[in-house]
Amino acid sequence: MLIGGRPVDSGQRMHIIDPGDEELVATVAQGDVSHIDAAVAAAKTAFERGTWSRATPHDRAEVMHRIAAAAHQASDELIELEMACNGATIRLATGFHIGYALSHFSYFADLAESYAWQRPAPVETFPVLSQSVVHREPIGVVGAITPWNFPLLLTIWKIGPALAAGNSVVVKPDEHTPLSILEFAGIAEHNGLPPGVLNVVPGEGRVAGARLASHPDVGKIAFTGSTAVGREIMRLASGTVKQVTLELGGKGPSVVLDDADLDLAVDGVLYGCFAYSGQICESGTRALIPAALHDEFVDRLVTRAKTIVVGPTRDWDTDLGPVIDAAQRQRILNYIDDARAAGAAVALGGEAITGGSFDKGFWLAPTILTGVSNDMTIAREEVFGPVLVVIGYDDDEHAIEIANDSDYGLAASIWTSDNARGLAMAERIRAGSVWINDAHQINCKLPFGGYKQSGIGRELGPDALDAYTEVKTVHLDLSGGREAKPYDVLLGNA
């Protein structure tokens, strides 16, 4: 662990397993309530000391850029650590897991200098001559609870704006994937980040995570993960009325309109669902297809999906790696079995991949299910695996109704050759991100988050800095004396 700028051991160990071959990658010190308390105390001390919290935005930006440059130099090691923990392919880990993570950290360093930390209000003449200034200030100690699917990237979505704003941070990474986060924190410590400003405590969510979410000295909790856990974190945070940012589950619709470019739409729908074996919260796991195109589109989906290569994650020709662990694979298979029992048909996949090089690891075939109605469990709950369900619809109104008939509202895609038609539909889909003729397009300069049970608040863009700051209004009286004051409403003329 990293607490107060020091490596800290514990009497307990977490075993990190490679999901591709089930081999032991590393053992990591496991933190408990006492370690979270120590990390929060270190973060609070660092914040109150002011070396970071009261530094100028320019000075904070300089340190963050130095950290980003050093992390880029260590990117090969960071890529390897992520691949070993969570089964990402080398192409995905290079471009998205680490490439995006480091570029997003650099973006927040830039934003520290351009953000409006102070905003003057117009001069007022009533009730007295005065000038006010709105200040954005750091919250204090921020707790970040991060998931296993994009460990460093989704941690940086939290620590990037938190550090840019001058906060101190305690990170509780997922039990499967603490390695790249620990490595990045060490890089930060060696490149100018003051001790205690960034602390990392691996541990179990129900112990370390719960303590972080309820700790009285933590002013904000940021969490990415399942909606069920998000509800519990929100409950724990309510005890001290913490600020919360929750990026939770999704059940994204990919709406194919009858005028779509089918070659583009087929590849886009598959990319939207199967990227990283479907283990992305904003995946398009529901393909909504017009009745007149249904059979042709399914045939095209199946034919194209058969070209997807499942295999060793370090092979550049591999498209999909394993799912995260045995329990998750079984959970996905249970969803598929339940869908079959409810009347769905398996057009492709539907089973674990075994034999030969697949005898070890948690492998699952890309799966396409047809005959699905939107009231089935498989269409309503987040499976978090390489499972695409195909749902037919009658007309645009019906498609919008199905797309919005969900507890979630994280992301959606629309496939059409008519931009105006796509934009009109996007206005009516209840989701935080709607992509027209594309998928998985998350831009660090733009807000990301969900409607409904997909979360609270927004990450990325200037909105992220808003979420990691307190707002203070400072009023300066310019009237020059007692005579102009409206105090006589209470004190009279005596």
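In the predicted model, R300 and D263 form a salt bridge in which the closest N and O atoms are 2.9 Å apart. The two partners belong to distant parts of the chain, with R300 in helix α10 and D263 in helix α9 (residues 262-274), and 37 residues separate them in sequence. Their surroundings can be described by how much of each residue is accessible: R300, at a relative accessibility of 30%, counts as partly exposed, whereas D263, at 54%, counts as exposed because the limit for that class is over 50%.

The pair of R300 and D263 belongs to a wider set of charged contacts, for the count of salt bridges comes to 23. Another of these joins D217 to K44, with the closest N and O atoms 3.6 Å apart. D217 is placed in the loop between α7 (205-214) and β10 (220-224) and K44 in helix α1 (residues 33-49), so this salt bridge ties together parts of the chain that are 173 residues apart in sequence. Both ends of the bridge are partly exposed, as D217 has a relative accessible area of 33% and K44 has one of 31%. Salt bridges also occur as a linked group, since D258, D259, D396 and R421 are connected in a network.

The domain assignment of the chain gives two domains, of which domain 1 is made up of two segments (2-248 + 454-475) and domain 2 of one (253-436). The C-alpha centres of domain 1 and domain 2 lie 31 Å apart, and 29 residues of domain 1 are in contact with 29 residues of domain 2. Between them the two domains bury about 2400 Å², and 57% of this area is on carbon and sulfur atoms. On the side of domain 1, the residues that lose the most area to domain 2 are R91, W148 and S454, which together account for 23% of what that side buries.

Polar and charged contacts also cross this interface. Four salt bridges are found between domain 1 and domain 2, and 14 residue pairs are in polar contact across the interface, with both residues of each pair at pLDDT 80 or more. On the side of domain 1 that touches domain 2, the elements that give two or more residues are α3 (75-86) and α4 (90-114), and α4 gives the most, with six residues. When the residues on this side of domain 1 are sorted by class, eleven are nonpolar, ten are polar and eight are charged.

A salt bridge between E80 and R314 can be followed in more detail, the distance from N to O being 2.8 Å. The two residues come from distant parts of the chain, with E80 in helix α3 and R314 in the loop between α10 (294-305) and α11 (326-341), 234 residues apart. E80 is partly exposed, with a relative accessible area of 36%, and R314 likewise counts as partly exposed, at 39% relative accessibility.

A further residue to consider is T89, which is placed in the loop between α3 and α4. T89 has a relative accessible area of 6% and is therefore buried, the limit for this class being under 20%. When residues up to four places away in sequence are left out, T89 touches M83, T313, T318, D319, L320 and G321.

Several features of the backbone can also be set out. Most residues other than glycine have a negative phi, and most peptide bonds are trans. Against this background, the peptide bond from F126 to P127 is cis, with omega near 0°, and P127 lies in the loop between β5 (118-120) and β6 (130-138). Positive values of phi are found in residues other than glycine, among them N437, where phi is near 60°, and H440, where phi is near 55°. N437 has its place in the loop between β19 (433-436) and β20 (451-452), and H440 is likewise found in the loop between β19 and β20. In terms of accessibility, N437 is partly exposed, with a relative accessible area of 23%, whereas H440 is buried, with a relative accessible area of 7%.

Technical notes: Residues are numbered from 1 along each chain as its sequence is written. This is a predicted model: local features need pLDDT of at least 70, side-chain atom pairs count only at pLDDT 80 or more; totals for chains, interfaces and linings use all residues. Side-chain values use heavy atoms; hydrogens and water are left out. Domain bounds come from an automatic or database domain assignment. Contact means heavy atoms within 4.5 Å. Buried area is the accessible area (1.4 Å probe) that two parts lose on being put together, summed over both. A salt bridge is a side-chain nitrogen of Lys or Arg within 4 Å of a carboxyl oxygen of Asp or Glu. A polar contact is a pair of N or O atoms within 3.5 Å; within protein, one must be able to donate a hydrogen and the other to accept it, and residues adjacent in sequence count only if both atoms are side-chain atoms. Helices (H or I, at least four residues) and strands (E, at least two) are DSSP runs, numbered from the N terminus. Ala, Val, Leu, Ile, Met, Phe, Trp, Tyr, Cys and Pro count as nonpolar, Asp, Glu, Lys and Arg as charged, and the others, Gly among them, as polar. Buried means under 20% relative accessible area, exposed over 50%, partly exposed in between (1.4 Å probe, protein chains only).
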